[in-house]
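Grab a pencil and work through these exercises at your own pace. Each one sets a task and then walks through a solution.

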Amino acid sequence: MTTTAADQQIIRSPGQRGVWAWITTVDHKRIGLLYAVTAAAFFFIGGLEALLVRTQLFGPDLEVLSAAAYNQLFTMHGLTMVFLVVMPIAAAFTNYFLPILIGARDVAFPRLNAFSYWLFLLAGLLIYSSFLLGGAPDGAWVGYAPLSTQLTEVVRMDFWSIGLQLLGVASIASSANFIATVFTMRAPGMTMLRMPVFAWMSLVVAFLLIFSLPSVAIGLFQLFLDRNYGALFYASAAGGDPLLWQHLFWIFGHPEVYVLVLPAMGIVSEVLPTFARKPLFGYPFVVFAGAAIGFVGFGVWSHHMFTSGMGPLAEAGFGVATMIIAVPTGVKIFNWIGTLWGGKIKFNTPMLFSVAFIAMFTIGGLSGVTHAVVPSDTQQHDTYYVVAHFHYVLFGGAIFGYVSGVYYWFPKWTGRMLNETLGKIHFWLALIGFNLTFGPMHILGLNGMPRRTYRYPDGLGWANWNAVATIGAYIILLAFLVFAWNIVRSHFLAKGERVGNDPWDGRTLEWTIASPPPVHNFDEVPVVHSLDDFWHQKYAEDEEGRAVRMPAVTGGALTVDKKTGGEGDDDGEHLDIHMPSPSYYPALSALGIATLGAGLIYLPWGFFAVGIGGAIMLWGLFGWSLEPVTKEH
Amino acid sequence: MAPLVLVLAACSGNGPQSALEPGGPIAKDIDGLWDLVFWLATAVMIFVTILYVWAIWRYRERAGDESEPKQAHGNTAIEVGGVVFSVVLLAIISVPTVRGLLDVRAIPEGPDVLQIQVTGHQWWWEFEYVDETAPDGRTLITANELHIPEDTRVNLTMTSADVIHSFWVPTINGKRDVVPGRSSNLTLIADDPTPPGEPIPGQCAEFCGLAHADMRIKLHVHTADSFAAWVEEQLAPSPLPAEGTAAAAGWDTFNAVCTTCHQVTLEDVEGEVVTYGPDRLITGGDVEFRSSFGPNLTHLFSRTTFGSGTFPLDVAHLTQWVDNPQALKPMDPDRNDLASGRVLGMPDLGLDPVEIAQVVALLETWK
């Protein structure tokens with residue numbers, strides 16, 4: 001196929017720099033960074049929403065926020081943290097490191113990868129635009145019908161239903177991509193049971209999303225039709241059933257919990273061996289426990305509905321299934337402790353966050369078991385006890401895990417270390433602030449404080465613990481400002497210590513390549529001989545089983561001491577490696593779909609936007625399928 | 001840290017709406033289950049913490065130590081042991097869980113069971129005592145403050161007029177959702193009578209929109225005698241106010257404006273008993289619930305609170321409420337549509353101060 005000069009100038013990105021290069025990039029590492037930066041921005045917005053909520057609850061009957069504002073803020077906080085922060089930060093790590101960890105040069109479908117990111121970003125912006133267009137969604141992130149279908153003349157819940165639908169499309173696309181990547185792109189010798197745990201968890205998560213998202217997609221379509229066309233799926237007066245929504249939502253919503261936390265468990269399973277200088281204890285058990293959590297996670301959704309009105313037999317079944325899920329979770333925790341046991345533990349910041357992850361997640365896991373005791377759950381359900389539980393799992397758990405990942409892999413992204421002192425300040429502030437905020441919520445819930453309440457009266461014994469929780473929330477803010485400053489200082493002010501390929505004496509393939517990695521990742525595709533292949537290139541074991549450093553490796557696939565810096569611009573052309581060319585069609589297609597979605601919110605005159613969006617989408621998809629994948633030579 | 005917090009929770013003052021201060025046999029059973037799980041979980045936590053802290057402390061990197069650790073890859077016996085250990089613990093929990101579940105969910109039957117129908121509304125509660133009838137066949141209907149006798153099995157049959165709510169008085173039982181189109185049951189049994197004027201607090205536990213936080217419940221527990229007296233008093237109609245009083249002027253306003261939504265049962269001078277205000281039937285599963293658009297105001301001043309248990313019932317608060325209800329409680333009455341049954345709170349009625357005072361004077365006569 002021949003390309004004209006016009007193609008080169010217009011269709012092709014001229015270089016690696018500038019905004020246009022980022023919009024057209026199909027490089028998994030750049031897309032990973034885009035996810036990370038976007039998730040960080042949403043993290044601060046979602047955190048600000050939480051702070052406003054906590055400020056309102058500082059004392060009894062405060063009037064910082066109106067009920068209407070409060071309901072929008074707690075709804076948007078949940079929506080933001082789940083869909084616009086934790087899912088994309090997991091996607092950021094998966095994008096950046098999954099291909100490298102399995103020895104691939106990119107994901108299986110690089111342009112689909114770009115499409116997923118742009119659709120995620122635009123869906124997030126669409127949801128947030130509601131603040132400027134009459135008010136944000138206010139029916140809680142779970143959007144229970146018929147509350148969410150009650151006020152059809154107010155569009156705010158349409159932003160929620162359409163926004164979630166678009167985010168679901170983006171997630172399904174990226175999940176299909178990651179599954180294909182793991183199944184088809186592994187380097188020679190990289191068998192499934194030689195993959196790092198993080199790669200395994202990414203794979204489990206991708207399957208969870210592929211199987212769970214369709215359920216909520218159907219639910220959201222029905223809800224949208226109820227709201228806009230009187231479809232009456234959830235209208236009890238017309239024979240519909242409000243509980244149907246709860247089932248469809250939680251069949252997605254419960255696996256979603258594992259979608260949020262499994263990648264963090266994967267990161268912790270990478271960090272612990274590195275800093276304990278020992279292999280992961282019971283690797284196959286950790287992997288299969290993760291997969292088991294994924295499977296059983298599909299059978300426990302109704303434990304979110306123990307007060308909804310199912311029969312006692314169903315409730316007993318879901319209660320026991322929920323207890324069963326504690327078994328593989330316990331397996332993971334014991335194996336992490338086993339990894340530390342007998343090790344030589346360095347407490348750098350990534351390790352501190354991973355260690356805290358295990359402790360906080362254990363607390364959240366144990367309070368989760370108390371929910372499985374159905375009669376007891378009828379007291380805890382929809383109270384601050386539940387709020388405490390899932391923050392221990394998703395903040396003390398997932399977020400701490402991802403922060404650990406940031407400290408761990410930051411040198412790989414930028415070639416510079418984050419500052420250790422600032423990191424430790426960040427860690428202790430975060431740990432103390434977190435426990436001050438969410439520890440007391442256990443007590444508040446058991447003492448009868450329901451969640452999603454914009455005010456509470458004096459005299460119920462809730463005031464003091466609420467004040468403590470609010471103070472804790474501000475300490476968390478402080479902690480993450482330190483974190484932000486650390487990143488700005490190290491990278492943007494270039495004050496971080498420059499490091500080589502392998503600053504932590506790592507175990508996995510990402511530490512064999514330059515920091516930041518070249519576009520093509522590997523000059524030569526590595527041949528893998530074992531789990532933790534890079535470690536075994538560096539260390540042998542003596543007769544007692546202790547690690548013994550071998551002479552520096554030279555030649556072969558794994559060059560350890562390569563010069564650093566400037567590698568990010570190396571597109572591998574001089575090595576005759578052909579990476580996929582940049583393309584603006586993925587972003588264009590995403591723009592089309594997002595425009596189409598926005599039009600649906602404002603029916604009937606929004607049909608205009610639906611038409612335009614549809615046309616843009618088709619243009620994008622056609623251009624995408626017709627353009628050549630790589631540059632011609 | 002969190003176990004410590006939980007231990008503190010278990011022994012500090014818990015407040016009147018706490019699940020940890022059970023005031024009836026069902027809540028006590030639930031609390032017993034909680035205690036079992038809590039202490040088991042705490043034991044596991046202590047065990048894990050000791051292992052964990054020991055591992056972290058014992059195997060930290062020490063200055064000057066150049067040795068490398070042994071590269072242990074795992075131990076199948078430990079793995080299997082860990083799984084068996086967790087399964088046994090969970091089995092210990094699951095047996096009482098299932099048994100307790102069947103107890104909690106059993107619907108009480110028999111002639112001694114007090115039957116009450118509950119309708120959840122945005123944002124208030126309606127209670128009909130279906131077996132307590134006046135000579136003319138009227139049942140006892142009241143709002144937001146529930147009265148029950150001590151040591152008696154009370155069966156609540158519940159539905160919702162609009163969105164999902166959840167009935168919850170933590171010291172008596174766990175919560176149960178109140179779902180439109182369905183009927184759900186919850187059993188209440190209370191051990192001791194409450195002091196007069198100091199009902200047990202509870203509130204809606206399922207997010208139901210704007211004033212979810214202000215959809216509260218007050219539960220009065222009586223001795224058998226005082227409950228019978230309360231029923232008799234509630235079933236007896238209040239008299240229409242005498243001509244020429246402020247209350248009589250208030251009745252003219254009330255009958256013209258307020259009876260659009262509120263019911264009240266009154267007796268005129270000839271002794272005729274009339275229930276004013278709209279009748280509404282709500283179907284929940286195979287049960288029909290008698291209802292209205294706003295709380296039934298018969299014997300309003302026998303209650304201790306109004307606005308769904310949110311405000312003390314006194315002239316000052318009531319005057320403020322009749323003047324501008326939304327200043328006290330967030331509601332969305334502009335979107336009311338009585339024809340389709342959608343009621344999102346009480347509108348500002350646009351009454352002048354004199355009319356407001358007259359209406360409040362009228363309400364005060366409904367003791």
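**Exercise 1.** Is B:Glu61 buried, partly exposed or exposed?

*Solution.* Keep in mind that you're looking at a predicted model. Start by finding the residue: B:Glu61 lies in the loop between helix 2 (25-58) and helix 3 (76-105) of chain B. Next, count its surroundings: 14 other C-beta atoms lie within 10 Å of B:Glu61. A residue needs 20 or more to be buried and 12 or fewer to be exposed, so B:Glu61 comes out as partly exposed. Finally, look at who touches B:Glu61: leaving out residues up to four places away in sequence, the partners are A:Lys344, A:Ile345 and A:Lys346.

**Exercise 2.** Work out how many residues each chain brings to the contact between chain A and chain B.

*Solution.* Take the chains in turn. Chain A puts in 84 residues, and chain B puts in 79 residues. Now ask what gives the most on the side of chain A: that's helix 12 (residues 326-340), with nine residues. Then sort that side of chain A by class, and you get 46 nonpolar, 27 polar and 11 charged residues.

**Exercise 3.** Find where B:Val179 sits and what it touches.

*Solution.* First, the place: B:Val179 is in the loop between strand 7 (176-178) and strand 8 (184-188) of chain B. Second, the burial: with 27 other C-beta atoms within 10 Å, B:Val179 is buried. Third, the touching residues, again not counting those up to four places away in sequence: from chain A there are A:Pro242, A:Leu243 and A:Gly309, and from chain B there are B:Ser160, B:Ile164 and B:Ser184. As a last step, follow the chain for 13 residues to B:Asp192, and you'll find its C-alpha atom separated from that of B:Val179 by 30 Å.

**Exercise 4.** Describe how helix 4 (residues 67-101) and helix 9 (residues 242-276) of chain A pack.

*Solution.* Begin with the geometry: the angle is about 35 degrees, and the axes are 9 Å apart. The crossing of helix 4 and helix 9 of chain A is left-handed. Then list the residues that meet. Helix 4 of chain A brings A:Val82, A:Val86, A:Met87, A:Ala90, A:Phe93 and A:Thr94, while helix 9 of chain A brings A:Val259, A:Leu260, A:Pro263 and A:Ile267. Sorted by class, this contact has nine nonpolar, one polar and no charged residues.

**Exercise 5.** Show which residues of helix 4 (residues 224-235) of chain B are buried, and which are exposed on the other side.

*Solution.* Check the helix itself: its 12 residues reach 17 Å from the first C-alpha to the last, close to the 16 Å expected at 1.5 Å a residue. Now pick out the buried residues of helix 4 of chain B, which are B:Phe227, B:Trp230 and B:Leu235. They're on the same side of the helix because they cover an arc of only 125 degrees around the axis. Turn to the other side of helix 4 of chain B, and B:Asp225, B:Ala229, B:Glu232 and B:Glu233 are exposed. What covers the buried residues includes strand 2 (124-133), strand 3 (139-143), strand 4 (145-149) and strand 10 (216-222) of chain B.

**Exercise 6.** Why do the buried residues of helix 5 (residues 246-256) of chain B lie on the same side?

*Solution.* Name them first: B:Ala247, B:Gly250, B:Trp251 and B:Phe254 are buried. Then use the arc: they cover only 110 degrees around the axis, so they lie on the same side of helix 5 of chain B. A general rule helps here: an α-helix has 3.6 residues a turn, so residues three or four places apart point the same way. Part of the cover over these buried residues comes from helix 8 (353-364) of chain B.

**Exercise 7.** Find the backbone details at A:Pro146 and A:Arg277.

*Solution.* Start with the peptide bond from A:Ala145 to A:Pro146: that bond is cis, with omega near 0 degrees. A:Pro146 lies in the loop between helix 5 (110-129) and helix 6 (147-150) of chain A. Move on to A:Arg277, where phi is near 55 degrees, a positive value in a residue other than glycine. A:Arg277 sits in the loop between helix 9 and helix 10 (283-296) of chain A, and with 20 other C-beta atoms within 10 Å, A:Arg277 is buried.

Key:
Residues are numbered from 1 along each chain as its sequence is written. Chains are lettered from A and ligands numbered from 1 in the order in which they are written. This is a predicted model: local features need pLDDT of at least 70, side-chain atom pairs count only at pLDDT 80 or more; totals for chains, interfaces and linings use all residues. Two residues are in contact if their C-beta atoms, placed from the backbone, lie within 7 Å. Helices (H or I, at least four residues) and strands (E, at least two) are DSSP runs, numbered from the N terminus. Ala, Val, Leu, Ile, Met, Phe, Trp, Tyr, Cys and Pro count as nonpolar, Asp, Glu, Lys and Arg as charged, and the others, Gly among them, as polar. Axes are lines fitted to C-alpha atoms, for helices over the stretch in contact, and angles run from 0 to 180 degrees between N-to-C directions. A crossing is left-handed if the near helix is turned anticlockwise from the far one by less than a right angle, and right-handed if clockwise. The expected span of a helix is 1.5 Å times one less than its number of residues. The arc is that of the directions from the helix axis to the C-beta atoms.
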